[in-house]
Amino acid sequence: MARPYVDAGPVPERELAQRAGVGWIGKNTMLIDPRRGSFTFIGSVLTNVDLAVDPPFEADRCGSCTRCLEACPTDAFPAPRVLDATRCISYLTIEHRGKVPSELAPKMGDWLFGCDVCQDVCPWNEKFAHPTSDRWWEVGSGRAWVALDEFERLDAAGFGRRYGETAFSRPGLGGMQRNAAIVRRNLETVSDG
Ligand code: B12
Ligand code: SF4
Ligand code: SF4
């Protein structure tokens with residue numbers, strides 16, 4: 001018997017991955033594979049099949065580095081490996097419902113959906129992350145870079161047709177309109193100097 005999970009169930013995926021020897025949990029709370037960096041998803045399979053057990057990944061390869069903690073635009077790390085999710089742009093743009101607190105909205109910059117700052121600055125990604133060759137992950141043309149005003153123009157049915165099968169359906173049309181309005185304001189502030 002087996003049941004698979006990828007980001008869709010009550011499974012502590014990062015801890016299981018660390019215990020299975022995939023990598024260590026960095027100060028940015030991401031599971032870092034020393035050969036691939038952290039731009040990865042974790043998939044887990046719960047099964048009663050008897051498998052050989054890999055030893056856990058015990059080392060902490062962050063060392064004295066603190067780049068991710070310093071780079072976070074919203075100061076979402078009160079301490080290494082502790083994330084205040086309510087300040088995280090990923091949470092604010094994807095999971096949060098309603099208005100984004102006015103203290104945090106200007107710090108969201110041009111992040112429309114999710115945030116990767118604490119991974120972009122990580123030396124393990126700078127050195128080892130590389131684009132996947134798996135065609136399944138190719139983003140369809142016109143979807144990788146979206147026009148901000150598109151969300152204003154779409155109605156619920158149009159949004160459902162264009163983005164119903166994508167992760168944008170999590171915040172939904174209202175959430176994406178809110179995110180786009182924040183990004184537009186932030187870009188205007190930058191260009192106003
Ligand atoms: C809730 C959640 C969020 C929340 C909170 C994230 C957080 N850091 O707490 C929000 C919405 C903010 C979020 C954001 C993102 N997320 Co998220 N998220 C989850 C989710 C659904 C649950 C995590 C959770 O709270 N679990 C419950 C708690 C109890 O478990 P835990 O957080 O893993 O903590 C345990 C272990 O990590 C362990 N632990 C923690 N520190 C240490 C240190 C050591 C030394 C050891 C031994 C153990 C240990 O102890 C904890 C208790 O058991 C997981 C999927 C899943 N089911 O795991 C994805 C997941 C963690 N997210 C993922 C991703 C990709 C992201 C984003 C990069 C998305 C984006 N681009 O915007 C950001 C990154 C933000 C960040 N720096 O973490 C990936 C991470 C892949 C990876 N390589 O690590 C996951 C695993 C989904 C997946 N299957 O791919 N996420
Ligand atoms: S994803 Fe962005 S906002 Fe969230 S902790 Fe990382 S850098 Fe901070
Ligand atoms: S940026 Fe530095 S401290 Fe943060 S996860 Fe990467 S190696 Fe660890």
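**Exercise 1. The core**

Task: In this predicted model, which residues make up the largest nonpolar core, and which helix gives the largest share?

Solution.
- Step 1. List the members. The largest nonpolar core has 12 residues: Leu-112, Val-146, Leu-148, Phe-151, Leu-154, Phe-159, Tyr-163, Phe-168, Leu-173, Met-176, Ala-180 and Val-183.
- Step 2. Assign them to helices. At least two residues of this core come from helix 7, and at least two from helix 8.
- Step 3. Find the largest share. Helix 8 gives it, with 4 residues.
- Step 4. Look at one member, Phe-151. Beyond its neighbours within four places in sequence, Phe-151 is in contact with Leu-112, Val-146, Phe-159, Tyr-163, Phe-168, Leu-173, Met-176, Gln-177 and Ala-180.

**Exercise 2. Helix 8**

Task: Compare the expected span of helix 8 with the distance between its end C-alpha atoms. Then find what its buried residues pack against.

Solution.
- Step 1. Work out the expected span. Helix 8 covers residues 172-192, which is 21 residues; at 1.5 Å a residue, it should span 30 Å.
- Step 2. Check the ends. The end C-alpha atoms are 30 Å apart, so the two values agree.
- Step 3. Pick out buried residues. Among them are Gly-172, Leu-173, Met-176, Arg-178 and Ile-182.
- Step 4. Name the partners. The buried residues of helix 8 pack against helix 3 (89-95), helix 6 (150-153) and helix 7 (156-163).

**Exercise 3. Two ligand shells**

Task: How do the residues around ligand 2 and ligand 3 divide into nonpolar, polar and charged?

Solution.
- Step 1. Take ligand 2. Its surroundings include Cys-72, Cys-88, Cys-115 and Cys-118.
- Step 2. Sort that shell. It holds 9 nonpolar residues, 1 polar and no charged.
- Step 3. Take ligand 3. Its surroundings include Lys-27, Cys-62, Arg-67, Cys-122 and Trp-124. Helix 2 (67-71) and helix 5 (123-128) each supply at least two residues of this shell.
- Step 4. Sort the shell around ligand 3. The split is 7 nonpolar, 2 polar and 2 charged.

**Exercise 4. Salt bridges**

Task: Which residue forms a salt bridge with Arg-67? Are Asp-33 and Arg-35 buried or exposed?

Solution.
- Step 1. Start with the total. The count is 11 salt bridges.
- Step 2. Find the partner of Arg-67. Glu-126 forms the bridge, with the closest N and O atoms 3.1 Å apart. Glu-126 lies in helix 5 and Arg-67 in helix 2, so the pair ties together parts 59 residues apart in sequence.
- Step 3. Turn to Asp-33 and Arg-35. Their side chains meet in a salt bridge (3.7 Å, N to O).
- Step 4. Apply the cut-offs. Buried means under 20% relative accessible area, and exposed means over 50%. Asp-33 has 4%, so Asp-33 is buried. Arg-35 has 58%, so Arg-35 is exposed.
- Step 5. Widen the view. Asp-33, Arg-35 and Arg-36 are linked in a salt-bridge network.

Notes
Residues numbered from 1 in each chain as written. Chains lettered and ligands numbered in written order. Predicted model: local features only at pLDDT ≥ 70, side-chain atom pairs only at ≥ 80, totals over all residues. Heavy atoms only, no water. Near = heavy atom within 4 Å. Nonpolar A, V, L, I, M, F, W, Y, C, P; charged D, E, K, R; others polar. Expected span 1.5 Å × (residues − 1). Buried < 20%, exposed > 50% of the residue type's maximum accessible area, 1.4 Å probe, protein only. Contact = heavy atoms within 4.5 Å. Core = buried A, V, L, I, M, F, W, Y, C linked by side-chain atoms within 4.5 Å. Salt bridge = Lys/Arg side-chain N within 4 Å of Asp/Glu carboxyl O.
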